[in-house]
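Notebook open, coffee poured. I want to go through the strands, then the rings, then the cysteines.

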Amino acid sequence: MRPQADAALLTPRSPVVTIMGHVDHGKTTLLDKLRKTQVAAMEAGGITQHIGAFLVTMPSGEKITFLDTPGHAAFSAMRARGARVTDIIVLVVAADDGVMKQTVESIQHAKDAQVPIVLAINKCDRAEADPEKVKKELLAYDLVCEDYGGDVQAVHVSALTGDNLMALAEATIALAEMLELKADPTGPVEGTVIESFTDKGRGPVTTAIIQRGTLRKGSILVAGRSWAKVRLMFDENGKTINEAYPSMPVGIIGWKDLPSAGDEILEVESESRAREVVDWRKYAQEQEKNKDDLKIIEEKRKEHQEAYQKAREKYGTLHWKERSYIKYLERKEQKSLKPKEKAEKDSNVLAVVIKGDVDGSVEAILNILASYDASHECELELVHFGVGDISENDVNLAETFDGIIYGFNVNASNVIQQSAAKKGIKVKLHKIIYRLVEDLQEELSSRLPCAVEEHPIGEASILATFSVTEGKKKVPVAGCRVLKGHLEKQKKFKLIRNGHIIWRGSLTSLKHHKDDVSIIKTGMDCGLSLDEEKVEFKVGDEIVCYEEREVLAKTSWDPGF
């Protein structure tokens, strides 16, 4: 650990402010108004699915670094990351919508990270807006506004019209001044990876926030299990910069591998030292994995030992001939089961390959898959995941496991698509996360056996019972009146007494007066006999005519949005 910086070296730095709140409460529009840009208009489905870092210069000359976090339920890890690297959280709540699920989650992230909150009550230009209601709702979550004697500043804004945005910026700067934010711009660099992705022409790229030191071209950095010699740095508009100071968001090019979002960035003195650190981290992780693997192997060995002991007990007292014969029968049984079991097993497994545009997106999708709890219906197997466009390797993997490739905000070239089509592999590309999840739910549902639903066609009430002699047999007959719908002789029937089903089956005869008929309509009387003679009719019983229809089953997995 590096020692704390010398107080004499500390210089004031601009605040890092994370914008949080529920999906569609206007976070990106608010940022766009502050930056005078139009990010919101370009977003797929109108929702933010990445974490963005922007430097905004106020008219007064002060600079603020804003992090725009997604509000959608799927991106909880991104929000938590945003809360950890920040100084202040601006909580955006729509005045017409009030406190919602992700609003509460954002408050929790802020409390966990011990970060102060400024409340921005958005959409105040709407007729149905009720800012006071929002403030009252927030009292339940220990967020007490200044109006109610608390210390949380609440600013009524409209991101659409730009009303009161300067007041929000001033409230943020005032809070930053109280926090007296300082950093050491000298010495080795420290920072945090906000997001990472692979760029076609530039290789692995990370967006980072510098927390200590000044980053310059040629610096050697280590993050997670990757290292970089900084080839190029750029700001959020893609403009090349030569230096990045504390609190600045910066794009870094020159990574050997892709670090994960949330990794800590540290500067080291040389490339050989960077390799040493990365090798050590990889070795430590390998050792950790080996420990876990050993545990699993030990458990499996125990299971085998117990199974072997049980088998010994089972065969122990038998003569060797009997023992051989029993084993032969067991083997025979297994052989006959294998092809059928295999077919059943295969149809009940969905293998998926996941590719995303940035590390955080892939992480969000994997977190959704981790919530899968319907393995008893269909097993979901994650074969491979990664960052970047879909490659031939992904197609080969999907072919091996007979799986599906899901791409989020990535491309698949024509060559790849043709190759996948030839091999019969589905490649599904999505730009909106919940569309991807819906698609996955549909795929899982299609692998489930169809459910059978009963649809009633007609109902009749038994008014009298009698028996008819056919040859030497007495056949019980029910005299009925059709109350609803119609009865069709070809369909299935059930007999209901006091709400309980007594019999299901088909009719042997259906007569109107003395004529055999195939259909009896509402209000008509008829006589009918069942295909089971032992069933007794009672006056007042109900006869229901129904047909069975196959309905596509739906997976019971619900990721929660």
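**Barrel**

I started with the barrel, keeping in mind that this is a predicted model. Six strands close up in the order β9-β10-β15-β13-β12-β16, and their pairing is antiparallel. I looked up how neighbouring strands of this sheet are turned against each other: the average is 50°, direction ignored.

Then I picked out one pair from it. β9 covers residues 190-199 and β10 covers residues 203-212, and I count nine bridges between them in the antiparallel sense. As a register mark I noted T192, which stands opposite I209 in β10.

**Strand β19**

Next I went to β19, residues 404-408. Buried or exposed, I wondered? Mostly covered: five of its five residues are buried. In a regular strand, side chains alternate between the two faces of the sheet, and I checked each face here. I404, Y406 and F408 are buried on one side, and I405 and G407 are buried on the other, which leaves both faces of β19 covered.

Which strands does β19 pair with? I found β17 (residues 349-356), parallel to β19 over five bridges, and β20 (residues 426-430), also parallel to β19 over five bridges. For the β17 register I wrote down I354, whose bridge partner in β19 is Y406. On the β20 side, I405 stands opposite V427. I also traced the connection: from β19 the chain runs through helix α11 (residues 414-423) to β20, and this β-α-β crossover is right-handed.

**Aromatic pairs**

How many aromatic pairs does the whole structure hold? My search came back with two.

One is W280 with Y283. Their ring centres are 5.7 Å apart and the planes are at 40°, so I logged the pair as tilted; stacked would need planes under 30 degrees apart, and edge-to-face over 60. W280 and Y283 are three residues apart in helix α7 (residues 271-316), so about one helical turn separates them. I checked accessibility too: W280 counts as exposed at 56%, while Y283 is partly exposed at 45%.

The other is Y372 with W557, an edge-to-face pair with 5.3 Å centre to centre and 75° between the planes. This pair links distant parts of the chain, 185 residues apart. Y372 is in the loop between α9 (359-370) and β18 (379-387), and W557 is in the segment after β29 (542-551). Both rings belong to buried residues: Y372 has 11% relative accessibility and W557 has 1%.

**Charges over rings**

While on rings, I looked for lysines above them. The charged end of K256 sits over the ring of W227, 4.8 Å from its centre. I also noted K494, which lies over the face of Y546 at 5.2 Å from the ring centre.

**Cysteines**

Last, how many disulfides are there? My count is zero. The cut-off is 2.5 Å between cysteine sulfur atoms, so I looked up how far off two of the cysteines are. For C450, the nearest cysteine sulfur is that of C378, 14 Å away. C450 is partly exposed, with a relative accessible area of 37%. For C545, the nearest cysteine sulfur is that of C526, 11 Å away. C545 is buried, with a relative accessible area of 0%. I logged both C450 and C545 as being in no disulfide.

Terms used: Residues are numbered from 1 along each chain as its sequence is written. This is a predicted model: local features need pLDDT of at least 70, side-chain atom pairs count only at pLDDT 80 or more; totals for chains, interfaces and linings use all residues. Side-chain values use heavy atoms; hydrogens and water are left out. Rings of Phe, Tyr and Trp (its six-membered ring) pair if their centres lie within 6.5 Å; planes under 30 degrees apart count as stacked, over 60 as edge-to-face and the rest as tilted. Helices (H or I, at least four residues) and strands (E, at least two) are DSSP runs, numbered from the N terminus. Buried means under 20% relative accessible area, exposed over 50%, partly exposed in between (1.4 Å probe, protein chains only). A charge sits over a ring if NZ of Lys or CZ of Arg is within 6 Å of the ring centre and within 35 degrees of the ring normal. Two strands pair if DSSP finds at least two bridges between them. Axes are lines fitted to C-alpha atoms, for helices over the stretch in contact, and angles run from 0 to 180 degrees between N-to-C directions. A crossover is right-handed if, with the strands pointing away from the viewer, the path from the first strand over the helix to the second runs clockwise.
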